[in-house]
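Please open the model in your viewer and keep a selection prompt at hand. The tour below moves from stop to stop, saying at each one what to select and what is there.

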Amino acid sequence: MGSTIGIIGAGMAGLTAAHQLKQEGYEVTVFEKSTSPGGRMATRRVGNGRMDHGAVFFTVRTEAFQKQVDEWVNEGAARHWFGDDHPRYVGTEGMNPLMKQYAKGLTIQLETKITDIQYEDDKVMVADENGNRHLFDSVVLTSPLPQTIEVLNGSTLPISKDQRAELGKITFEPSYVGLFDLKFPVEIGEKGLLDDDLPKGILKIVANDQKGITDSPLVSVYMDGEWTKSHDSESKADILSDILNRFRRAVPDQEVAIAAKQLKRWQYSQAEAFFPATYVKLDHLPVYLAGDCFLDPDDEAAGSRVESAYLSGVDVAGAIHKDRKDAVK
Ligand SMILES: Cc1cc2nc3c(=O)[nH]c(=O)nc-3n(C[C@H](O)[C@H](O)[C@H](O)COP(=O)(O)OP(=O)(O)OC[C@H]3O[C@@H](n4cnc5c(N)ncnc54)[C@H](O)[C@@H]3O)c2cc1C
């Protein structure tokens, strides 16, 4: 086919679009600002263990995603955690190792932050923060939408006022995650997850050892957007001790003894509202936006999540393939 595609972001949406387009014969390059692929499917090494501090699990509601998840399960990269109705899956060794496995075979430029995008002589030019310019026939941006909009605002691409206004409506919740290395294990529900009837501000508590991704007693405590915003002016130490107090109140009959603790803050965790289409093409330009906040209006779960990022990646790749075929007719 000979067409070149640039993809910004090596999270679930970007890697999925990259695989689909590569299979169709396109020359695909993915740019990722971090040191590893995975995006919000993130895992941190703590001592000899590891803990997920982004996505906790993923559910499956579509045949397309089920097929992909079955492949990961057969490869040993993912496994069923619990639940029969919309079962929950996890990366066998955590979310990031799963994404590293998924990224295999793709051309990814890590530690490359894209800061500008322009359209010149029928090519889309993306520039990284070191001033390197890269030319493509089509480009997909899969960073969380507010970050994508920042890049677009800095460019001279002719984006219509209506399209800008529609995109600008989508906002994301921030989230603090307290990461606790315990001196001895604490039982977090039957399966290692508490997500109901918790002290105010806590969304989820996850025992990574019960979840099966580590032998060490490592617990992640996820705070909601409202709590996160209302504690932003406090010191990291105060935020961590507040999270710890709430965690202790959630397991009142058990002793929580801390060996070490860390704090992670996500500026963009999950979308507060979603865009009612699985991707967007900028008017009259071979530039596409995708990611977890782009959802089919009939999406059963109606929320941004790992599966919505996957489905967005599949659909944007299909659209690019169709548009490229039409362009060379
Ligand atoms: C704390 C937390 C808990 C969550 N829990 C769950 C859960 O339990 N279940 C679930 O299904 N979902 C959960 N999610 C949401 C899920 O992780 C996301 O919906 C999904 O991973 C998003 O994938 P994505 O590809 O759309 O975006 P991302 O994973 O954000 O990928 C975008 C990538 O773009 C990169 N990037 C950004 N800007 C640039 C740039 N300028 N240049 C180059 N690269 C750039 C980023 O580094 C990132 O790797 C959670 C998220 C968080 C943060």
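In which loop is glutamate 111 found? Select glutamate 111 and you will be in the loop between strand E8 (108-109) and strand E9 (114-120), where helices (H or I, at least four residues) and strands (E, at least two) are DSSP runs numbered from the N terminus. Before going further, note that this is a predicted model, in which local features need pLDDT of at least 70 and side-chain atom pairs count only at pLDDT 80 or more, while totals for chains, interfaces and linings use all residues. Residues are numbered from 1 along each chain as its sequence is written, and side-chain values use heavy atoms, with hydrogens and water left out.

Glutamate 111 has a phi near 50°, a positive value in a residue other than glycine. Most residues other than glycine have a negative phi. Glutamate 111 is also exposed, with a relative accessible area of 54%; here buried means under 20% relative accessible area, exposed over 50%, and partly exposed in between (1.4 Å probe, protein chains only).

Next, select histidine 284, in the loop between strand E18 (280-281) and strand E19 (287-289). Its phi is near 60°, again a positive value in a residue other than glycine, and histidine 284 is exposed at a relative accessible area of 78%.

Now zoom out to the whole protein chain, which comprises 9 helices and 19 strands. Its radius of gyration is 20 Å, close to the 20 Å that the globule rule gives for 329 residues, so the chain is as compact as a globular protein of that length; the radius is taken over C-alpha atoms, and the rule is 2.2 Å times the number of residues to the power 0.38. Along the principal axes, the C-alpha atoms fill a box of roughly 70 × 45 × 40 Å. Buried residues make up 56% of the 329 residues.

Return to residue level by selecting tryptophan 72 in helix H2 (residues 63-75), which is buried, with a relative accessible area of 1%. Leaving out residues up to four places away in sequence, tryptophan 72 touches Met12, Phe58, Phe65, Ala77, Ala78, Leu98 and Tyr102, contact being defined as heavy atoms within 4.5 Å.

Two of those partners, Leu98 and Tyr102, lead to helix H3 (residues 95-102), whose buried residues are Met95, Asn96, Leu98, Met99 and Tyr102. They cover an arc of only 155° around the axis, which puts them on the same side of H3; the arc is that of the directions from the helix axis to the C-beta atoms.

From there, move to tyrosine 268 in strand E17 (residues 258-271), a buried residue with a relative accessible area of 16%. Beyond its neighbours within four places in sequence, tyrosine 268 is in contact with Arg40, Pro144, Pro146, Gln147, Glu150, Phe172 and Glu173. A C-alpha to C-alpha distance drawn from tyrosine 268 to proline 146 should read 8.4 Å, although the two are 122 residues apart in sequence.

Which residues does arginine 246 touch, not counting residues up to four places away in sequence? They are Pro199, Lys200, Ile202, Met223 and Trp227. Arginine 246 itself is in helix H8 (residues 236-250) and is buried, with a relative accessible area of 15%.

For the last stop, select serine 216 in the loop between helix H6 (208-211) and strand E16 (218-223). Serine 216 counts as buried at 18% relative accessibility, and its contacts outside the neighbours within four places in sequence are Asn48, Gly49 and Asp209.
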